[in-house]
Structures are given as C-alpha cells and as structure tokens.
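Colleague: Hi! Could you walk me through this one step by step?

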Amino acid sequence: MFPCQGYCYGMGYFISKAMKKKSLLWAYMTMTFIELFAQAKHDHIWLFGSHDFELDSIWGGSKIDFNLAPPSVTEVELPDNFNFDETSMISDSNGSFIAATDGCSIINNAFQYMIDGDSLNPGEQYDSFCPVGGYPTSQWSIMLPKPDASHLYYLFHLAFDGNFFLAQLYFTEIDAYQNNGLGGILQKNQLILDTLHFGEQMTACRHANGRDWWLVLPYGTVQQPTANRYFKFLFSPTGISGPFRQDIGDGWGLQYWSGQATFSPDGTKYARLNPSQGMRLFNFDRCTGEFFNPRAFYFPNDTLTACGVAFSPNSRFLYASFGDKVVQYDTEAADIEASRVTVAVYDGFMSPLWTNFYQQMLAPDGKIYITASNSVNVLHVIHNPNEKGLDCELEQHGFQLPKLHDWSIPNFPHFRLYGQSGSPCDTLGLSHITEQPAGEQSQVKVYPNPASGEVTASLPVPLRKVATWTLFDQLGQAVRQVVMSPG
C-alpha cells in the first residue's frame with residue numbers, strides 16, 4: 001500500500017533493515033522516468049509447439065507466462081494435429097489466456113478446440129494441410145480485442161486460393177463469455193476483401209485516439225510483382241472500415257515463407273524485411289494511418305535465408321535477424337543505414353538442429369526473443385534492447401523451452417499504446433495514459449507495508465538507472481531518502 005493518489009511513480013530494487021520506529025512508516029519507491037498504469041496484458045501468454053503422437057517425447061506445447069517475473073515456462077498438452085508454428089493468440093486485459101489459432105482451428109483457454117472453431121480459411125489449401133496440422137504461411141493472422149467490448153476478440157486471417165496466393169482477408173469473432181467461459185464463435189470466415197494477392201506480414205497499430213486499431217497488409221500481384229502498395233483497415237467499435245490504399249516507397253516483389261513486419265512501441269515507425277527485398281522503414285501517422293518518409297536498405301553481401309525485425313522498447317533501435325547474424329540500427333542517427341552494427345554472429349549451437357536467427361518479438365518483460373528457422377527447443381534473448389551496440393546483451397540460445405517448436409513466434413501488436421497527446425485524433429481523453437516501458441513494470445513488492453520494523457522491497461530485475469526510495473511516516477512526511485545505483 002503506497003501513500004499516493006492517482007498516478008504513482010515507483011520502483012526500487014532492495015531495502016533491508018530500513019525502519020526501526022515505533023510508529024507506522026510507509027515505504028515508497030520512486031523513479032521519475034516511469035509512470036505506473038494498469039497494463040493491457042493481451043500479450044502475456046506465449047504458446048509454441050505442436051502435437052505429434054509418434055514424437056510426444058520431444059514435441060508438444062510450451063507456454064511462457066509473462067504475468068510472472070521472471071516469466072515462467074511450462075509444458076502444455078495440445079489437442080490432436082494442432083500446430084503453433086504459424087500462429088497468433090490473445091489473452092484478456094488481465095493476462096488470462098483466451099484463444100489461439102494455427103490457421104485451421106481455434107483453441108480455447110483449456111487448450112482444447114473451441115466449439116465451432118474449426119474450418120478456418122476454407123478451400124483447397126485447408127484440405128491439403130489442415131488434416132496434418134497448421135496453415136502454411138507466416139505472419140498471416142493477428143488477434144485484437146474489439147474496441148469498447150472487453151469480452152469480444154477479432155481474429156484477422158489471410159487464406160490461400162487454389163494457386164497458393166494469399167487472396168482473401170477474413171475475420172472471425174470470438175466471444176470469451178460463451179460456453180461457461182471457454183469461449184465461442186459469433187462469426188466465422190467473414191470476408192473483408194478478396195483481391196489478386198496479399199503479401200504476408202500482417203500487423204497492427206493503435207489509432208491515435210487510444211482505442212481503435214489500424215490493420216496493415218502489404219500487397220503485390222503476379223501482374224505487378226514490384227508493387228509498393230499497402231492496404232490499411234480501421235477497426236473501431238462500429239466494425240471494420242476500409243481498405244485505405246497507399247502506394248509509397250520502393251517496390252516489393254513476390255516472396256513467401258520468411259521475413260517479418262512490425263511497428264515501433266510508440267507507433268511512429270514501421271519496418272518490413274524479407275530475404276530477397278531488403279528492408280523498408282517508414283514513419284507512421286497514427287491519426288491518418290498514412291506512411292511517410294520511406295527508406296529502403298538492401299543487403300547484397302548478407303546471406304538471408306531467414307529474417308525478422310523488432311524495435312527496442314524505447315522505439316529507437318531496430319534489430320534485424322539475418323539468419324547467421326543479428327544487427328542493430330539506430331533510427332535516431334543522421335544516417336540510419338550507416339549506424340548498422342552487428343550484435344551477434346551465430347555460434348554454431350544445435351538443439352537439436354541449428355539455432356540460427358529468425359523471427360523476433362518484443363516481450364512484456366522488455367526483452368526481445370528470437371526464434372530459429374529450424375525445429376529447436378531454445379530462444380535467443382536480447383536482454384537490454386534499449387542499449388546501443390553490444391551493450392544490448394544478446395544471449396544466444398539463452399531461453400530454454402520444454403518441447404521442440406518450429407521457427408515462428410507469436411504475432412502481437414503493441415497493446416500498451418494509448419492516445420497520442422496533441423494529435424487531432426486525440427478525442428477520447430485517453431492521451432494521459434502512457435505506455436509503461438516494457439521491462440520496467442510495476443512488479444514492486446514492499447512487505448510488510450505499513451510496518452514498524454524491518455521492511456523488504458524488491459524488483460524482478462536489477463536497476464539499469466539511478467533510483468531513489470523514500471520513507472514516509474503516517475502523516476505523509478518523508479523521513480528518509482536513499483539514492484540507489486544501477487546494478
């Protein structure tokens with residue numbers, strides 16, 4: 001219990017033997033660069049793996065729970081033929097798991113098939129691939145909470161036509177309250193747009209009003225293989241509007257199976273990468289949904305068999321996986337391309353196959369996790385992605401999973417992004433809600449509090465910046481303040 005009203009600034013690392021007073025005293029941790037706010041924990045459960053009767057000893061489900069600090073890792077039992085290798089998922093705002101999909105079906109919070117959650121993406125490719133588990137594409141879906149409806153969730157998903165082009169964009173609506181809390185389907189395979197060809201790399205960004213979502217899909221066709229076109233859709237309480245088309249930047253050819261797109265945590269930048277087309281980097285207007293300031297980086301001297309991208313929590317540094325290496329770009333540099341520095345080179349480790357570098361995702365703990373492009377049971381970890389160069393501390397195969405999984409990582413937007421102060425679209429009074437930097441969460445434990453004897457306070461991770469802790473008496477007067485160094 002902290003002696004404050006409204007927003008509190010708070011964090012500390014360790015206090016012992018702090019109080020020897022007869023009257024009740026209050027401990028209060030302060031770090032002025034953080035504003036505490038209740039978190040939207042829709043990305044706090046990550047699931048990996050697949051079900052294989054013949055290889056159950058090494059294959060299965062793995063769950064990372066970021067509601068705990070450090071995150072817990074456990075094995076979960078998956079239903080028959082369910083494959084998390086190309087997937088999206090969502091939890092509720094409190095971090096409780098709701099649903100996940102493999103492109104063929106949807107499972108519920110009991111890790112069983114949701115009622116009427118089968119037969120996603122109907123067609124020839126469903127008939128070919130889904131009987132053996134998993135839809136064969138990458139970053140093809142994303143799950144978002146419906147604005148102003150806390151129990152409703154929309155799965156946006158792309159489907160192949162008979163020629164193996166991603167031709168249809170669908171949505172499927174999930175009601176978390178149905179079937180005694182196991183969830184159910186309200187609408188399924190509802191066509192949004194049927195076009196000649198979508199690219200993979202579906203992602204989303206919060207609108208500047210702090211409530212709605214921009215859904216972004218790149219586009220290309222056989223007839224126009226170097227298209228520089230992007231489709232945007234606005235997801236609001238009234239439904240889905242669009243598409244809004246924008247042609248911008250260098251062209252992009254047809255290419256599948258590898259690469260990734262992502263927005264920065266502050267919503268101001270968008271990056272897209274794949275092996276044959278290089279990198280595209282744009283600025284983004286969360287109010288209008290428009291890209292601007294296009295830049296293109298090419299990598300003729302790199303071996304790009306598998307690649308991915310992620311931004312640091314402070315939105316400054318952009319990390320790109322190149323299969324055998326990971327590089328960092330400083331997006332605040334005068335010459336972004338020249339700021340490139342290699343932060344890791346694949347060390348040859350196998351577990352049991354090659355653990356090279358593939359897709360990335362910024363996690364709620366402020367770290368970036370990276371998959372390999374093979375069936376392995378480890379993840380790479382960037383421990384301090386806000387730091388420049390090698391100070392980011394990329395640890396290869398630093399996170400162990402209980403079971404094998406294949407290559408992909410969950411596809412999440414940045415949920416803890418709210419209204420944009422000063423934007424003409426900041427009309428809902430949500431701009432005072434600011435995203436708490438990932439990895440600096442309010443997991444402060446102060447006990448006992450209040451107290452008349454010894455008090456202990458702790459954080460799940462060591463401090464990386466100077467902080468102070470302050471001791472108050474029951475009248476709210478500060479009686480002691482101590483500066484704490486990083487480490």
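Colleague: Which residues form a nonpolar patch on the surface, and what is their accessible area together?

Modeller: Happy to help, and please keep in mind that this is a predicted model. The patch is made up of M350, L353 and W354. M350 sits in the loop between β24 (341-345) and β25 (360-362). Together the three have an accessible area of about 280 Å².

Colleague: Is M350 buried, partly exposed or exposed?

Modeller: Buried means under 20% relative accessible area and exposed means over 50%, with partly exposed in between. The relative accessible area of M350 is 39%, so M350 is partly exposed.

Colleague: Which strand gives the largest share of the largest nonpolar core?

Modeller: That core has 65 residues, and W46, F156 and Y369 touch the most other members. The largest share, 7 residues, comes from strand β10 (residues 152-160).

Colleague: How many residues apart in sequence are the parts that R416 and D43 tie together?

Modeller: R416 and D43 form a salt bridge, with their closest N and O atoms 2.9 Å apart. R416 lies in the loop between β28 (394-406) and β29 (445-447), while D43 lies in the loop between β2 (25-30) and β3 (45-49), so the parts they tie together are apart in sequence by 373 residues.

Colleague: Is D43 buried or exposed?

Modeller: A residue counts as buried when its relative accessible area is under 20%. D43 has 3% relative accessibility, so D43 counts as buried.

Colleague: And D148, the salt-bridge partner of R211: is D148 buried or exposed?

Modeller: The closest N and O atoms of R211 and D148 are 3.8 Å apart. Exposed means over 50% relative accessible area. D148 has 63% relative accessibility, so D148 counts as exposed.

Terms used:
Residues numbered from 1 in each chain as written. Predicted model: local features only at pLDDT ≥ 70, side-chain atom pairs only at ≥ 80, totals over all residues. Heavy atoms only, no water. Patch = residues over 30% accessible without salt bridge, like charges linked within 9 Å, V, L, I, M, F, W, Y side chains within 5 Å. Areas by Shrake-Rupley, 256 points an atom, 1.4 Å probe, with all protein chains shown as cover. Salt bridge = Lys/Arg side-chain N within 4 Å of Asp/Glu carboxyl O. Helix = DSSP H or I, 4+ residues; strand = E, 2+ residues; numbered from the N terminus. Buried < 20%, exposed > 50% of the residue type's maximum accessible area, 1.4 Å probe, protein only. Core = buried A, V, L, I, M, F, W, Y, C linked by side-chain atoms within 4.5 Å.
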